[in-house]
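Colleague: I would like a close look at one part of this model, the surroundings of its bound molecules. Please take it step by step and keep the terms clear.

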Amino acid sequence: MSKKYHIHTFGCQMNVHDSEKIAGIFNDTGYGTAEDSGDADIIVLNTCSIRAKAEQKFYSELGKLKKIKKKNPNLKIAVAGCIAQQSGKQLFKRFPYIDFLFGPDNIGSLNTLIEGGNGRTAIEHNPEYHTSVIPMKREGGLKAWVSIMYGCDNFCAYCIVPYTRGRERSRPASDIYNEVKSLADEGFKEITLLGQNVNSYGKNLPDNIDFPDLLSKLNEIDGLQRIRFVTSHPRDFSAKLTRAIRDLSKVCEHMHLPIQAGSDSVLKSMNRGYTYSEYKAKIDIIRDLDPYMAVTTDIIVGFPGETDEDFEKTIQALTEIEYDAIYAFKYSKRPGTEALYLPDHVDEEVKSSRLSRILKLQESICYRKNKILEGKVVEVLVDGPSENDPTRMTGRTRSNKIVNFSGDIADGGNSVFIKILEAKMHSLNGEKV
Ligand code: SAM
Ligand code: SF4
């Protein structure tokens, strides 16, 4: 009987995609999938350290595994991802029941690691990782993530990513094209290109190619219906990219452009490289070129030194820009980052009350923006039955809004046209036309 693996993933899309690579390697090595931790021969915790909360979740899961391992001493425990990268061998000291550690750049060496002979740790940054070809186990058959670059060189003062994922490296365009082409040939209809700063794609590649050029190459692939991407850094944003989104038929009309804060002094100490008016000018370019393009953002509240007055500027920015959706976070102290050493850290209660104010304001904006869609017909790529109400089908518009409608199971995986009947805060209800 073949051995079985179980992966527990913490954090963002990038980590979920890394777990697909880890699963791909296990499958290639002859391992089967375990339904849960109790049934596995090896458990991988693929960790995230972007905020303290994600880290705490990992430590609590690791504590549970200690008990499982006591009952089954043959069980192997591997810790992957950003915490493995950052805490390294200290983790072995604190938690001696961990068997293996490997970082985001070392997924390719997992095979040799678990088969023995290569020690128990693989956490060196690997500048060649962007050219490695790694097998992948993707779920679903409709939507897939594709990495186009690794690492980040921006060193925003709050962020741990440049330390855990290393320097920015772009994958060769031909490798990306071939991967997307074979996904389309397998029947995948939507791909999301992943990178910490997709706007600087291609900077270090010998072929003279930038991100809009890459999009237009991928747009030619037959069978593919939708191309999405995350994340664009506002500093490197170009009008060329907005034109590419508007003009390339498969590229969805949605831009995720993290602002982080509305106050210039906070943006400066965050090391974001733009002022609010420079950021707003880019939003104006987007809206001039395509008024229907959805724009979403990330916000951090309670960055060290953020005064009430600074915070009001973030509120003003949200009111002025009217994003389609936001992801808002309380500032979280991260070891080794510049912001940790800044003066005037903000009290936890102040951060919480600022976060609730932001979320409340955004709810009213989302509702108002969704209301505009009532009576309109939108194209929806159908994921399948809704988790909340399996009698209804659910999917997303090109602008990434959730639409629920009464359809049938055969709509799953297809594009259908839906007339929006009712706007809700975070979704839309409609009927097939
Ligand atoms: N590379 C992307 C960019 O620059 O916009 C974002 C990557 S990061 C994984 C996603 C979001 O997490 C960031 O945009 C930021 O809002 C948030 N984030 C990162 N570090 C954080 C911290 N220390 N505390 C709170 N939020 C943080
Ligand atoms: Fe972190 Fe800034 Fe890089 Fe985004 S651009 S990953 S926030 S350092």
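Modeller: Start with ligand 2. Its surroundings are formed by Cys152, Asn154, Phe155, Cys156, Tyr158, Cys159, Val161, Pro162, Gln196, His233 and Arg272. To be listed as near, a residue needs a heavy atom within 4 Å of the molecule. By class, this shell holds 7 nonpolar residues, 3 polar and 1 charged. Here Ala, Val, Leu, Ile, Met, Phe, Trp, Tyr, Cys and Pro count as nonpolar; Asp, Glu, Lys and Arg are charged; the others, Gly among them, are polar.

Some ground rules come next. The model is predicted: local features need pLDDT of at least 70, side-chain atom pairs count only at pLDDT 80 or more, and totals for chains, interfaces and linings use all residues. Residues are numbered from 1 along each chain as its sequence is written, chains are lettered from A and ligands numbered from 1 in the order in which they are written, and side-chain values use heavy atoms, with hydrogens and water left out.

Now follow Gln196. This residue belongs to the shell of ligand 2. Gln196 also appears around ligand 1, where 15 residues gather and Gln196, Pro258, Gln260, Asp298 and Ser332 come nearest. The shell of ligand 1 divides into 6 nonpolar, 4 polar and 5 charged residues.

Look at the polar contacts of ligand 1 (pairs of N or O atoms within 3.5 Å; within protein, one must be able to donate a hydrogen and the other to accept it, and sequence neighbours count only if both atoms are side-chain atoms). Arginine 51 places a polar side-chain atom 3.0 Å from an oxygen of ligand 1. Glutamine 260 does so with a polar side-chain atom at 2.8 Å from an oxygen of the ligand. Serine 332 uses its backbone: a polar atom there is 2.9 Å from a nitrogen of ligand 1. How much of ligand 1 does the protein bury? Alone, ligand 1 exposes 560 Å², and the protein buries 91% of that. Such areas come from the Shrake-Rupley method with a 1.4 Å probe; for residues, only the protein chains shown count as cover. Two elements, β13 (294–301) and β14 (325–330), give two or more residues to the shell around ligand 1. Strands are DSSP runs of E with at least two residues, helices runs of H or I with at least four, numbered from the N terminus.

Stay with serine 332. It sits in the loop between β14 and α13 (348–371). Is serine 332 buried or exposed? Serine 332 counts as buried because its relative accessibility is 15%. The cut-offs are under 20% for buried, over 50% for exposed, and partly exposed in between (1.4 Å probe, protein chains only). Serine 332 and arginine 51 are 281 residues apart in sequence, yet their C-alpha atoms are 5.5 Å apart in space.

Asparagine 219 is another loop residue to check. It lies between α8 (211–218) and β11 (226–230). At 13% relative accessibility, asparagine 219 counts as buried. A polar atom of its side chain lies 2.8 Å from the backbone nitrogen of lysine 250.

To sum up, Gln196 is in the shell of ligand 2 and is one of the residues that come nearest to ligand 1.
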